[in-house]
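Work through the exercises below with the sequence and the model at hand. Each task is followed by a solution in steps.

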Amino acid sequence: TQNETIDSAAAAKLVFSTSAQTVTAGVCSAIATIQTQDTYSNVTNAGSATTVNLSGAPATFYSDSGCTTSVTSVTIGSGTSSHNFYFKNSISGTITLTAASAGLTSTTQDETVNPATAAKLVFTTSTQTVTAGVCSDIATVQTQDSLSNVTNVGSATTVNLSGASTTFYSDSGCTTTVTSVTIGSGTSSQNLYFTRTPAGSVTLT
């Protein structure tokens with residue numbers, strides 16, 4: 001028998017060597033690593049310094065684990081095969097990160113961005129014009145994180161309602177009065193209705 005050594009071929013493509021991540025909106029990711037490989041998926045060193053452009057709007061990219069120094073590219077040094085970076089995104093959902101370099105096949109990876117914890121309440125229904133004494137259309141109040149992503153509450157959350165000379169209801173017929181509504185655990189919104197007899201504008205809180 002005789003042992004033979006097979007060297008990797010020249011760099012032909014880029015790959016993510018780290019797994020897809022699930023991160024929280026506005027929070028710095030764990031380390032992400034981009035790597036050069038040959039056509040046969042063998043890890044191979046770059047023959048010269050190789051600039052890798054990073055994209056995936058609206059994500060931003062960073063060179064450090066604290067996400068303080070933003071970058072739009074990283075450089076895989078000559079004689080090495082990888083480089084690390086970090087990313088952050090303010091909008092919840094799925095983002096596709098792309099790493100590309102001239103002469104190499106680019107690569108993509110989908111990352112999941114979850115909303116942060118509930119931090120504020122918003123009305124998701126439009127401002128209404130109603131007739132005095134007539135039940136309003138549906139109004140919906142919603143929980144969002146500090147970056148305005150819709151987010152579920154971790155426990156039942158009471159929302160107190162107020163508005164000068166305004167009466168609130170839980171039903172579309174305006175028969176059951178309430179002074180608050182409850183956003184259930186694991187949900188992000190609750191509906192309400194209102195009436196008011198004096199004409200003019202009113203601010204609901």
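**Exercise 1.** Leaving aside its neighbours within four places in sequence, which residues is phenylalanine 85 in contact with?

*Solution.* The model is predicted, so local features need pLDDT of at least 70 and side-chain atom pairs count only at pLDDT 80 or more, while totals for chains, interfaces and linings use all residues. Residues are numbered from 1 along each chain as its sequence is written, and side-chain values use heavy atoms, with hydrogens and water left out.

Step 1. Apply the cut-off: contact means heavy atoms within 4.5 Å.

Step 2. List the partners of phenylalanine 85: Phe16, Ala30, Ile31, Ala32, Ile34, Leu54, Phe61, Tyr62, Val74 and Leu97.

**Exercise 2.** Describe the largest nonpolar core and the strands that supply it.

*Solution.* Step 1. A nonpolar core is a set of buried Ala, Val, Leu, Ile, Met, Phe, Trp, Tyr and Cys residues joined through side-chain atoms within 4.5 Å. Buried means under 20% relative accessible area, exposed over 50%, and partly exposed in between (1.4 Å probe, protein chains only).

Step 2. The largest such core holds 20 residues, and Ile34, Val52, Phe85 and Leu97 have the most contacts inside it.

Step 3. At least two residues of this core come from each of E1 (13-16), E3, E4 (50-55), E7 (73-76), E8 (82-88), E9 (93-101) and E10 (104-114). These strands (E, at least two residues) are DSSP runs, numbered from the N terminus.

Step 4. E9 gives the largest share, three residues.

Step 5. There is also a second, separate core of 11 residues, which includes Ala139, Leu161, Ile183 and Leu192.

**Exercise 3.** Find the disulfides and state what each one ties together.

*Solution.* Step 1. Look for pairs of cysteine sulfur atoms within 2.5 Å, the cut-off for a disulfide. The count is two.

Step 2. Cysteine 28 is joined to cysteine 67, S to S 1.9 Å. Cysteine 28 sits in the loop between E2 (22-24) and E3 (32-37), and cysteine 67 in the loop between E5 (60-62) and E6 (70-71), so the bond ties together parts 39 residues apart in sequence. The torsion about this S-S bond is about 70°, so the disulfide is right-handed. Cysteine 67 is buried at 7% relative accessibility.

Step 3. Cysteine 135 is joined to cysteine 174, also with S to S 1.9 Å. Cysteine 135 lies in the loop between E11 (120-123) and E12 (139-144), and cysteine 174 in the loop between E14 (166-169) and E15 (177-178), so this pair ties together parts 39 residues apart in sequence. Cysteine 135 is partly exposed at 22%, whereas cysteine 174 is buried at 14%.

Step 4. With the bonded cysteines numbered in sequence order, the pairing is 1-2, 3-4.

How values were computed: Helices (H or I, at least four residues) and strands (E, at least two) are DSSP runs, numbered from the N terminus.
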